Amino acid sequence: MSTAAQAWYDAAADRAGLTRRQLLVWAGDRVAGGLPVFVEAARWYLDGPLDPDGLARAFAAAVASADALRMTVDEKEGWPMCRALGGDLPEAAVVDLARHAWPRRAVDELGEAVVAACAPGRALLAAAVARLGTDRHVLVLAQHQMVSDA
């Protein structure tokens with residue numbers, strides 16, 4: 001990249017309150033037209049006793065304690081503007097799928113909902129914990145690459 005291009009990206013990123021990589025991810029996200037191509041998701045199946053509400057509270061406390069986890073990116077006059085979410089913080093949804101007729105399908109749908117919750121203008125981090133049985137749970141976590149990679 002030329003020196004002039006680097007200077008432009010640095011100035012644009014600085015204006016937006018983003019790093020250069022975050023600016024590039026934001027631009028790619030715009031090109032993707034709302035598809036969650038920059039959202040990464042993972043699932044962890046947890047066996048043994050678990051307090052799902054306690055896990056949700058721990059997630060909320062972690063998010064509240066770190067600006068990077070509360071960030072979002074709005075758009076103003078065609079430019080990204082980074083800001084920390086105020087009272088509208090992401091929370092881990094707690095759902096009970098123990099009696100669901102198709103729990104695997106329900107976990108897939110829960111994962112899709114968590115991924116869909118991550119988008120510029122909204123939270124860039126989302127989570128859900130689902131009870132599958134007495135001592136069987138799944139934790140679903142999704143994060144936009146503006147939080148994790150850039």
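In this predicted model, the number of disulfides comes to zero. A disulfide is a covalent bond between the sulfur atoms of two cysteines. The sulfur of cysteine 82 has its closest cysteine sulfur in cysteine 118, at 15 Å, and this separation is too far for a bond. Seen from cysteine 118, the closest cysteine sulfur is likewise that of cysteine 82, 15 Å away and too far for a bond. The surroundings of the two residues were also assessed. Cysteine 82 counts as partly exposed, at 30% relative accessibility, whereas cysteine 118 is buried, with a relative accessible area of 4%.

Cysteine 82 is also among the residues touched by threonine 72, a residue of strand β2. Threonine 72 is buried, and its relative accessible area is 0%. Beyond its sequence neighbours up to four places away, threonine 72 touches Met81, Cys82, Arg83 and Leu85, as well as Ala119, Pro120, Gly121, Arg122, Ala123 and Leu124. Polar atoms of the threonine 72 side chain take part in two contacts with the backbone. One such atom lies 3.0 Å from the backbone nitrogen of glycine 121. A polar atom of the same side chain lies 2.3 Å from the backbone oxygen of arginine 122.

Attention then turns to strand β5, which comprises residues 125–133. Eight of its nine residues are buried, so strand β5 is largely enclosed by the rest of the structure. Strand β4 (residues 92–96) runs parallel to β5 and is joined to it by five bridges. Within this pairing, alanine 93 stands opposite alanine 128 of β5. The connection between the two strands involves helix α4 (residues 103–117), and β4, α4 and β5 together make a right-handed β-α-β unit.

Strand β6 (residues 136–144) pairs with β5 in the antiparallel sense, over eight bridges. The two strands are joined by a hairpin through two residues. Alanine 128 has valine 140 as its bridge partner in β6, while alanine 126 has alanine 142 as its partner in that strand. Alanine 128 therefore takes part in the pairing with β6 through valine 140 and stands opposite alanine 93 as well. Strand β6 in turn pairs with strand β1 (residues 39–47), again in the antiparallel sense, over nine bridges. In that pairing, leucine 139 of β6 is the bridge partner of tryptophan 44. In a regular strand the side chains alternate between the two faces of the sheet.The helices were examined next. In helix α4, the buried residues are Ala106, Val107, Leu110, Gly111, Val114 and Val115. These buried residues pack against β1, β4, β5 and β6. An α-helix has 3.6 residues a turn, so residues three or four places apart point the same way. The length of α4 was also checked: at 1.5 Å a residue, its 15 residues should span 21 Å, and the end C-alpha atoms are 21 Å apart, which agrees.

A corresponding check was made for helix α3. Its 14 residues should span 20 Å at 1.5 Å a residue, and the distance of 20 Å between its end C-alpha atoms agrees with this expectation. At the start of α3, the backbone nitrogen of aspartate 53 is reached to within 3.2 Å by a side-chain oxygen of aspartate 51. Pro52, Gly54, Ala56, Phe59 and Val63 are buried in α3, and the elements that cover the buried residues of this helix include β4, β5 and β6.

The loop that follows, between α3 (52–65) and β2 (71–76), holds leucine 69. Leucine 69 is partly exposed, with a relative accessible area of 26%. Apart from residues up to four places away in sequence, leucine 69 touches Ala62, Val63, Leu125 and Val147. Of these, Val63 is one of the buried residues of α3. Leucine 69 and arginine 30 are separated by 39 residues in sequence, and their C-alpha atoms are 21 Å apart in space.

Note on methods. Residues numbered from 1 in each chain as written. Predicted model: local features only at pLDDT ≥ 70, side-chain atom pairs only at ≥ 80, totals over all residues. Heavy atoms only, no water. Buried < 20%, exposed > 50% of the residue type's maximum accessible area, 1.4 Å probe, protein only. Helix = DSSP H or I, 4+ residues; strand = E, 2+ residues; numbered from the N terminus. Pairing = 2+ DSSP bridges. Right-handed = clockwise from strand over helix to strand, strands pointing away. Contact = heavy atoms within 4.5 Å. Disulfide = S-S within 2.5 Å. Expected span 1.5 Å × (residues − 1). Polar contact = N/O pair within 3.5 Å; in protein donor to acceptor, adjacent residues only side chain to side chain.
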